[in-house]
Protein chains: 6
Amino acid sequence: MLIRVINPNTTASMTSLIEASARAVAGPGVVVEGVTPAMGPASIESHYDEALAVPGLLAEVAAGERDGAAGYVIACFGDPGLDAAREIAAGPVVGIAEAAMHAAALLGRGFSVVTTLSRTRGRASDLAHRYVGAGACKGIHACEIPVLELEGDPTVLPRVASLAAHALETDGSDVIVLGCAGMADLCSELSARLGVPVIDGVAAATLMVQALVTLGLGTSKREEYAKPPAKRYSGILHGFMQPG
Amino acid sequence: MLIRVINPNTTASMTSLIEASARAVAGPGVVVEGVTPAMGPASIESHYDEALAVPGLLAEVAAGERDGAAGYVIACFGDPGLDAAREIAAGPVVGIAEAAMHAAALLGRGFSVVTTLSRTRGRASDLAHRYVGAGACKGIHACEIPVLELEGDPTVLPRVASLAAHALETDGSDVIVLGCAGMADLCSELSARLGVPVIDGVAAATLMVQALVTLGLGTSKREEYAKPPAKRYSGILHGFMQPG
Amino acid sequence: MLIRVINPNTTASMTSLIEASARAVAGPGVVVEGVTPAMGPASIESHYDEALAVPGLLAEVAAGERDGAAGYVIACFGDPGLDAAREIAAGPVVGIAEAAMHAAALLGRGFSVVTTLSRTRGRASDLAHRYVGAGACKGIHACEIPVLELEGDPTVLPRVASLAAHALETDGSDVIVLGCAGMADLCSELSARLGVPVIDGVAAATLMVQALVTLGLGTSKREEYAKPPAKRYSGILHGFMQPG
Amino acid sequence: MLIRVINPNTTASMTSLIEASARAVAGPGVVVEGVTPAMGPASIESHYDEALAVPGLLAEVAAGERDGAAGYVIACFGDPGLDAAREIAAGPVVGIAEAAMHAAALLGRGFSVVTTLSRTRGRASDLAHRYVGAGACKGIHACEIPVLELEGDPTVLPRVASLAAHALETDGSDVIVLGCAGMADLCSELSARLGVPVIDGVAAATLMVQALVTLGLGTSKREEYAKPPAKRYSGILHGFMQPG
Amino acid sequence: MLIRVINPNTTASMTSLIEASARAVAGPGVVVEGVTPAMGPASIESHYDEALAVPGLLAEVAAGERDGAAGYVIACFGDPGLDAAREIAAGPVVGIAEAAMHAAALLGRGFSVVTTLSRTRGRASDLAHRYVGAGACKGIHACEIPVLELEGDPTVLPRVASLAAHALETDGSDVIVLGCAGMADLCSELSARLGVPVIDGVAAATLMVQALVTLGLGTSKREEYAKPPAKRYSGILHGFMQPG
Amino acid sequence: MLIRVINPNTTASMTSLIEASARAVAGPGVVVEGVTPAMGPASIESHYDEALAVPGLLAEVAAGERDGAAGYVIACFGDPGLDAAREIAAGPVVGIAEAAMHAAALLGRGFSVVTTLSRTRGRASDLAHRYVGAGACKGIHACEIPVLELEGDPTVLPRVASLAAHALETDGSDVIVLGCAGMADLCSELSARLGVPVIDGVAAATLMVQALVTLGLGTSKREEYAKPPAKRYSGILHGFMQPG
């Protein structure tokens, strides 16, 4: 079973971290392939970045279809391009916010998200409402560390730990969801410090895709997520065609 | 990894069916143990049945804790005793309605539930609201076949298939959730007939528990789901004590 | 008119307090009978306790049906076994959280619940959503006094009063709901101190049952709450049969 | 205990019917006084009628305060003037839609409203959301009989019965709420025909007011429903002053 | 195009302020007519005031219909009489809370309301839920300045500015909605100080009515907002008849 | 005042139709500029099309900022790229679904959307929930005519009219929202036939942008919609930089 774990930004070191997180949990017989798109932003910290990350992501899904990928993980907490990817993939596609929030719902009364920049909190809130309803997400907290500065800075762990402890107390929550793929390597240490489940969406999404493929389940092709009608694309996007 | 799949009713043939469904999908190294409680109703078709199924179910969770079970599946679509089981288990506990509804949310716009008796639809609706918010569950439809009559009757498959096709059309849904553990063996044939994902909660829950255990995650023990305060139980329930 | 007020825990002194609260408000011609179950936990402070309180409670409802009870109060703020009791009773069954929250909705913009232990707040929140929608319950606050320590301790009143005053201020609420049957005797003194309506669910539920019986109304027997299908119960629960 | 049951329209024969319905259920020692305002519309079948019914209604509440009324019923299904009446009354004020919907929530999974004109359905829907949340009201159905034509027409009962039966089937509901004070006298016969609880809000509200007064509870005077600030009223409304 | 901007209270100086705010933004060819009702309260600070403001307001709408008004603004933040006015007007009717909240939804993630008295916050919250759903309104804050004291007091601006800054911080909002027509003249200065959009509902509603009239749109006359059925009004309200 | 009305697809004839609809309502002094992007899909009928329309749309917003545009209309009913466009534009940005739904909320109890293909209904439903809450959108109906076949086919009007009439009846709605920019020219004829308000989002959005600019209001730059952090874009999207 080939699972493509797509990092929607173009920073290869972050793809490596994501791939490692996915491989650490994938079952025997599962091949995890971390992917960096050929176009798009170096990191995703705005709606604008997110919008411009999607074409590169979709190109990687289309490539995965040609290569026989069984399923896909979208490894950015905004779950960019999720609906579009579902239309063009035969197998399941799971976003890391989606996976983490569904997992959190199985583990406690309510979760807090700890994320990078405050400006991304609106998007996280929208996703929480879509995935698990209004009540499960008790709060979203930003550490104000830019995505590409998470890596290799020893002060990140204590700052995120402190924010998460504050979130549990303030929100009355009992589970922590990590709000950025770049936080994947903090997960076990945070859990040990905080004494509550801490969820890395990359690992969670990988196992959800693995589970869905094992169950023989992929996105429903009835109506909304059916293969898109074929049509002409213009300009620098002319290469985007529906996968055959 | 030992996963206890508890059939909350006392009908052993149904436990066998459930266990087979779970084993068919569990990963290498996972031991699935189907369990029939020593007390309770022969099938669960009312709030009354459900309430009286819970003590026997909890006794099996307590036994599992003594035996080192890594996690639990509650294999009845009403997810009886889920919150209580989470308090006394160290590892994750997942109900089959919960697992099926979360999985359905990953696969389409909205799902329809096909279940046994109309009188159970209210409970299913409550669970859908709790797990995935107000919008994802598009309808709940009953075939009016009692739980214990699902097994071995060749007319069941066409009747459920017909009801599911009607549900997809009426509800504008794109995924089918099977609303009874006793329907587990219908899943693949229904999916082939209907052309949409059909979800058996037993298999889905087994893989969700497996995923959570692999991720090192169990129910949060912060506040609500912490081990219950020890106290005296009276009467025929005097044997119920908190697991140590 | 015979109203059975069932204390779902097995502590007889608490039944006495509950019975007194109910009798103090019941109309002429109403016989209030406080009942202590023959099995179950000494107090209810967890989902586990609540689940194991239900069989004993249902046995008392069944006994009430044989004795011609006109209606029932379930006198624990988690409203345990409410749906199941409604199936087997001919007359109305009202829980004290339910009664208190509906009454609160008639008296102000929004209420705060003051309850015993923090771990029970999730359940109270679920009930508030079910009964009166998302907006009416403005907050749930715990005094961290165990149920059985409420009785006879002179520090309880000032601690609960202080918590309630804090809740009114913090939540912007205008009504207080007492979150435990064991707080019934604090009601009038709290109201005098706080200057807002304070609702004891035991008294409120008693009068709601009385009102429904006077109106000739009981639980609808159309579909969900119809008498449960008869079936076999095994083990120590073999004595549970549907009331005839 | 004096309960003023205010018919917000100016049709005295309808006040008589309402008063009879309230008196039939009120407890010993309760004096029910039916009241017809001195100004306003002959019946209430639009937002416009409702708005113009409120001044007369409020005058009757003010008069009741001078006369020592213990509580008030607003006997029109739109619950006109409810918030304003709560500000000026010391005791509880309950609307008949409010009472009927809260009572319905105690008796089943979900109710259908059967009302007079289609144009009033929006208001009923707004009230249902406010009182008992989004899920309890399953549908609102109009018989298209104007309010003042309900009285004395023998075809009304069978038409309303037929509509209610249709509502139960279509909505999957299990309780019927009568959507007009003028239907109060149909209640018991409808219930007998339909085999489900049928709720007349006039009787239900009367007993809820009686219960609240017995409990010593009135509208909270903390902030929103405190006595309004005194001020000058001009024109034909110059007589409206805050009750002292 | 004649737009009637109705001040629902009877204080003429406030009408002047409102009219000026509307005229400052109205397009060429639009005649803005500020109107003070002949009856009702000097200011609106309670449900009681609001209820008694409606008859005078409706009389002004009826007069506008005779004069060929193209549309109406209801210039009080409680949007009194909005539904009733829509029934009797041929063209659009927009309330200032409604206009401000819809405009705010176009400009950011979520808005805070700054209003006069705390007791009016419940009404503002109800309107926010009705107009733009549960999530857009992040908080409602009162400066505790009575409506008629807003005018001509130089301390009002700094007090409201300080409250609004606090609201942005506390609520995590990004837009300010002014919660009283009497604050219209503070709008541009507040926006300059706060650095976020500040919305005066009077100006916003005027342009929304102008837009709707330009689009040829008025209130739907299908069912709920159709012209009310004609009927007799009694007492001092006998002059209220449906506009022909 | 320059308003850029961006057709997010690359079909110039559709841009002409859209521009005409906007110009027909814009006020004196407003310059409406219809824009066709240099890249992207010929029409938007899937999430995939929508995602790939966004880069071209954002390029046109960036160009508009250089040209001094006062505001923008996004003229596709999925409101693609709305959040991203708000980040990079100084003035207001309004989508046509957003404008139409807000306008509909001012005109009646609830609206029905009539749109092109069934597969787009999920997106429309998501937008309705975001913009005006759960209750205002009563239904979404598809005529199954592809976007580019709307133009010039005389059977389109009667088919859409018939669908809209069905929607009003089935949904109990009172306003029609046209669910595609390509339906703009049907608006007045449909309104005449149906007797209810019919809303073309292009015209509505144009006037909302005009209104917001007149009010001096643009997207809040506090936090979420602030100018995005500058960063490197790779591959064929390397030309996308934040507007300075």
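How many salt bridges does the rule find across the interface of chain A and chain F? Keep that in mind while I set the scene. One caveat up front: this is a predicted model, and every value I'll quote is computed from it.

Okay, the answer: eight of them cross between chain A and chain F. Here's one to look at on the screen. A:E45 pairs up with F:K231 in a salt bridge, and their closest N and O atoms sit 2.9 Å apart. Then there are the polar contacts, and for those the count between these two chains is 28 residue pairs, with both residues at pLDDT 80 or more.

So who's supplying the chain A side? Five elements each put in at least two residues: β3 (40-41), α2 (47-67), α3 (82-88), α5 (121-132) and β10 (233-234). Of these, α2(A) gives the most, with eight residues. Sorted by class, that side of chain A has 22 nonpolar residues, ten polar and twelve charged.

Now the overall footprint. We've got 44 residues of chain A in contact with 44 of chain F. Between them the two chains bury about 3,900 Å², and 58% of that is on carbon and sulfur atoms. On the chain A side, the residues losing the most area to chain F are A:H47, A:Y48 and A:R119, which together make up 21% of what that side buries.

Last thing, and do rotate the model for this one. There's strand pairing across the chains: β10(A) runs antiparallel to strand β3 of chain F, residues 40-41, over two bridges. Within that pairing, you'll find A:Y233 opposite F:P41 in β3(F).

That's my bit, happy to take questions.

Technical notes. Residues are numbered from 1 along each chain as its sequence is written. Chains are lettered from A and ligands numbered from 1 in the order in which they are written. This is a predicted model: local features need pLDDT of at least 70, side-chain atom pairs count only at pLDDT 80 or more; totals for chains, interfaces and linings use all residues. Side-chain values use heavy atoms; hydrogens and water are left out. Contact means heavy atoms within 4.5 Å. Buried area is the accessible area (1.4 Å probe) that two parts lose on being put together, summed over both. A salt bridge is a side-chain nitrogen of Lys or Arg within 4 Å of a carboxyl oxygen of Asp or Glu. A polar contact is a pair of N or O atoms within 3.5 Å; within protein, one must be able to donate a hydrogen and the other to accept it, and residues adjacent in sequence count only if both atoms are side-chain atoms. Helices (H or I, at least four residues) and strands (E, at least two) are DSSP runs, numbered from the N terminus. Ala, Val, Leu, Ile, Met, Phe, Trp, Tyr, Cys and Pro count as nonpolar, Asp, Glu, Lys and Arg as charged, and the others, Gly among them, as polar. Two strands pair if DSSP finds at least two bridges between them.
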